[in-house]
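User: I am new to this structure and would love a close look at a single part of it. Please pick one packing contact, set the scene first, and explain your terms as you go.

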Amino acid sequence: MDFLKHYLDFFVFGILGLMSFLLVWLVVERYLTLARLRVEDFALEESLNVAMTRNLTTISSIGANAPYVGLLGTVLGILITFYDLSQGGNIDPKTIMLGLALALKATAAGLVVAIPAILFFNALVRRTEVLNARWKEHRAGLQG
């Protein structure tokens with residue numbers, strides 16, 4: 001239990017930090033790619049969709065799973081607090097409340113990662129819909 005007690009924060013915040021780094025990296029990559037994308041260069045709609053939606057699943061997965069990583073950290077933090085409480089010794093209410101409050105920081109961190117991820121994902125999906133509509137306009141202009 002001591003291992004978990006000492007390394008829980010490093011584990012949870014390490015994973016959330018990695019998720020945040022990937023999120024920023026992929027969002028910047030997607031925005032730059034979609035800004036430079038020329039719909040006229042694509043003959044098939046499927047090819048355009050593949051080019052536009054690359055990495056969107058990862059961004060969505062980060063947004064969907066970051067709260068669970070934070071929640072896992074909170075649950076484990078609460079378990080540690082209850083374990084310490086069951087061992088006797090210092091059963092000061094302040095100590096218990098401090099342990100529970102510190103456990104909740106993992107959930108907050110998970111939400112801090114998830115909320116922007118979902119916002120960026122939705123913005124990128126909207127951008128792909130606009131580009132897809134422009135491609136259809138372009139194709140209709142070539143045929144008409």
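Analyst: **The setting**

From start to end, the protein chain reads α-α-α-α. In total there are four helices and zero strands, where helices are DSSP runs of H or I with at least four residues, strands are runs of E with at least two, and numbering starts at the N terminus. The radius of gyration is 23 Å, well over the 15 Å that the globule rule gives for 144 residues, so the protein chain is more spread out than a compact globule. (That radius is taken over C-alpha atoms, and the rule is 2.2 Å times the number of residues to the power 0.38.) The C-alpha trace spans about 85 × 20 × 20 Å along its principal axes.

A word on the source: this is a predicted model, in which local features need pLDDT of at least 70 and side-chain atom pairs count only at pLDDT 80 or more, while totals for chains, interfaces and linings use all residues. Residues are numbered from 1 along each chain as its sequence is written, and side-chain values use heavy atoms, with hydrogens and water left out.

**The close look: H1 against H4**

Helix H1 (residues 2-36) packs on helix H4 (residues 93-143) at an angle of about 15°, and their axes lie 10 Å apart. Axes here are lines fitted to C-alpha atoms over the stretch in contact, and angles run from 0 to 180 degrees between N-to-C directions. That angle makes H1 roughly parallel to H4, because angles under 35 degrees count as roughly parallel. The crossing of the two is left-handed: the near helix is turned anticlockwise from the far one by less than a right angle.

Which residues of H1 and H4 make the contact? On H1 they include Val12, Phe13, Leu16 and Leu23, and on H4 they include Ala109, Val113, Phe120 and Leu124. Contact means heavy atoms within 4.5 Å. By class, the contact has 16 nonpolar, three polar and four charged residues. Ala, Val, Leu, Ile, Met, Phe, Trp, Tyr, Cys and Pro count as nonpolar, Asp, Glu, Lys and Arg as charged, and the others, Gly among them, as polar.

H4 also holds Phe121. Leaving aside residues up to four places away in sequence, Phe121 touches Leu56, Ile59 and Ser60. The C-alpha atoms of Phe121 and Gly63 are 8.3 Å apart, although 58 residues separate them along the chain.

Conventions
Angles under 35 degrees count as roughly parallel, over 145 as roughly antiparallel, 65 to 115 as roughly perpendicular and the rest as oblique.
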